[in-house]
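Me: Got a model open here and want to talk through how it packs. Can you start with whatever term I need for the helix pairs?

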Amino acid sequence: MTAADRVLGRVDGLREEMIATLGDAIAVRSVNPTYPDQDFDDLVGGETEVARLLAGVYREAGAETELFGEVPGRDNVVGVVHGEGDGRSLIFNGHVDVVPAGDADAWTHDPFAGFRDETHVWGRGSVDMKAGLVAQAFAARALREAGVRLGGDLILQGVVGEENLEHHLGTSAVLARGYTADGAIIAEPTGALAPLSVMPATPGVLVLRITVTGRTGHASARSLMRSQRRAGAEDPIAASAVDGALAIHDALRRLETEWERTRVDPLFEPGQFTIGLDVIDGGARAGRNVAFIPDETTLDYAIFYPPAAGIADVQAEIAAVVARVAGADPWLRRHPPVLDWPMHYPGGRTDGDDPFCQIVVAAREDAAAGTAYAGAPDVRPFPSATDLTWFTAAGIPAVGLGPGALAMAHAVDERCAIDEVVCAAKTYALSALRWCGVR
């Protein structure tokens, strides 16, 4: 038997233990403790518990392990399976934190029970992304138990903080500690249109908050306010912050439509770069009801832009649109909206014809032979932020590939197909064989 045959057979032999371990990982409530509206003290420590669980599997794979963190209770885990020193090195990366489950009563099964039926494992984090993390760990274990010695190092990483864009606590901290390699596979769920796609790119993601200030007054003063505005009064009796905010939003929607022509990338579908208003909060500070004209409104946007675009250019284009709206309004001219940019993940990409990407594509096709996933995988960009960004920024070719339907991520009744987990583990193992070499 070839090394590949032995490894694939060993993954099959580890199937039941792998899925049981996935259930154990889901049962750990590793909700990101800094996620909005969460109790930090109640949740902190869950990420570390998952890291310790993974460390046990890493050690069974022959890895030297280390747990460390920038914040107590939020430990990353790294395992290094040392190669013979004459091959390329490879990183398997994934995040241990998950988003909140929301109302548990809305779920078919307890979101933190790790329930399993004949075809799926259910629970928060099953898709995003504990299935991928566990599959990576068992791929490494299958390599060892099949008697394979890799030429290069295999570095396993389970990191914290990704769900709240805290890469400085997770992937960036791990890379800064020296755990780098010649290639990386991130286990995000890449089943978008087809299962186990290979995703070599991710867009830039910006979070924008626009704060609009108005002047409150009795709701009945609206007619006078409108007539004063038409007359260009610089000191009106009242000014609606909600009206001003909606005018700004209308202009940004038009810009979003323009982006279908002006913000493009050959890997991404037309219209994939967007300016989405996801949170709006407005009212009168003196009394938040319809008796008052609102004097404060905030708009929170998630902005997705091409990975090759400059962040300053994107910000300047949006700021110019807001400034044009403000310049046409007498009140906003004197009280300009305030723009804040609280979060940013740059885009990243690895060329589809990069040798590393091609090795993963071929490994995925071979791993799926004879299964429901047979055939060449889709190669398409991931639609949201991932830690791929920080690998490509460090000059490390990287792709996303992981089990699970992307539509299940963050959803009620999140669940991952067991056969997909097994196929992912085989893909990871074959990728390591071919990238790192066998000695």
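Reply: Sure. Axes are lines fitted to C-alpha atoms, for helices over the stretch in contact, and the angles between N-to-C directions run from 0 to 180 degrees. Keep in mind that this is a predicted model.

Me: Fine. At what angle do helix H1 and H5 pack?
Reply: About 125°, with the axes 8 Å apart. H1 covers residues 3-13.

Me: What do we call that orientation of H1 to H5?
Reply: Oblique. An angle that is not under 35 degrees, not over 145 and not from 65 to 115 counts as oblique, so H1 is oblique to H5.

Me: Left-handed or right-handed crossing for H1 and H5?
Reply: The H1 and H5 crossing is right-handed.

Me: Which residues meet there, H1 against H5?
Reply: From H1, Val7, Arg10 and Val11. From H5, Ala142, Leu143 and Glu145. By class, the contact of H1 with H5 has 4 nonpolar, no polar and 2 charged residues.

Me: Which salt-bridge network includes Arg10 and Glu145?
Reply: A network of salt bridges links Arg10, Glu17, Glu60, Arg141 and Glu145.

Me: Glu17 and Glu60 now. Where do those two sit in the contact of H2 with H4?
Reply: Glu17 is on the H2 side, together with Thr21, Asp24 and Ala25. Glu60 is on the H4 side, with Val50, Leu53 and Val57. That contact divides into 4 nonpolar, 1 polar and 3 charged residues.

Me: And the geometry, how do the axes of H2 and H4 cross?
Reply: They cross at roughly 160° and come within 10 Å. H2 is residues 15-26 and H4 is residues 46-60. That angle makes H2 roughly antiparallel to H4.

Me: Back to H5. How do its axis and that of H13 cross?
Reply: At roughly 50°, and the two axes come within 8 Å. So H5 is oblique to H13. H5 passes H13 in a right-handed crossing.

Me: Which residues make the contact of H5 and H13?
Reply: H5 gives Ala131, Gly132, Ala135, Gln136, Ala139 and Leu143. H13 gives Val421, Ala424, Ala425, Tyr428, Ala429, Ala432 and Leu433. In class terms, the contact of H5 with H13 holds 11 nonpolar, 2 polar and no charged residues. Leu143 also appears in the H1 and H5 contact.

Me: Switching to salt bridges. How many does the count come to?
Reply: The count comes to 27 salt bridges.

Me: What does Glu414 do, with Arg124?
Reply: Their side chains meet in a salt bridge, at 2.6 Å from N to O. Glu414 lies in the loop between strand E13 (398-400) and strand E14 (415-417). Arg124 lies in the loop between strand E4 (120-122) and helix H5 (126-145). So the pair ties together parts that are 290 residues apart in sequence.

Me: Buried or exposed, Glu414? Same question for Arg124, buried or exposed?
Reply: Glu414 is buried at 1% relative accessibility. Arg124 is buried too, at 3%. The cut-off for buried is under 20%.

Me: H13 again. What does Arg434 pair with in a salt bridge?
Reply: Asp366, with the closest N and O atoms 2.7 Å apart. Arg434 lies in helix H13 (residues 418-436) and Asp366 in helix H11 (residues 355-367), so the pair ties together parts that are 68 residues apart in sequence. Arg434 is partly exposed at 35%. Asp366 is partly exposed as well, at 38%.

Me: What about the salt bridge of Asp295 and Arg285, what is its N to O distance?
Reply: 3.4 Å. Asp295 is buried, with a relative accessible area of 8%, whereas Arg285 is exposed, at 53%.

Me: Last one. Where is Gln358?
Reply: In helix H11. Gln358 is partly exposed, at 41% relative accessibility. Leaving aside neighbours within four places in sequence, Gln358 is in contact with Gly352 and Asp353.

Me: How far apart are the C-alpha atoms of Gln358 and Leu53?
Reply: They are separated by 32 Å, and the two residues are 305 residues apart along the chain. Leu53 is one of the H4 residues that meet H2.

Definitions and conventions:
Residues are numbered from 1 along each chain as its sequence is written. This is a predicted model: local features need pLDDT of at least 70, side-chain atom pairs count only at pLDDT 80 or more; totals for chains, interfaces and linings use all residues. Side-chain values use heavy atoms; hydrogens and water are left out. A salt bridge is a side-chain nitrogen of Lys or Arg within 4 Å of a carboxyl oxygen of Asp or Glu. Helices (H or I, at least four residues) and strands (E, at least two) are DSSP runs, numbered from the N terminus. Buried means under 20% relative accessible area, exposed over 50%, partly exposed in between (1.4 Å probe, protein chains only). A crossing is left-handed if the near helix is turned anticlockwise from the far one by less than a right angle, and right-handed if clockwise. Contact means heavy atoms within 4.5 Å. Ala, Val, Leu, Ile, Met, Phe, Trp, Tyr, Cys and Pro count as nonpolar, Asp, Glu, Lys and Arg as charged, and the others, Gly among them, as polar.
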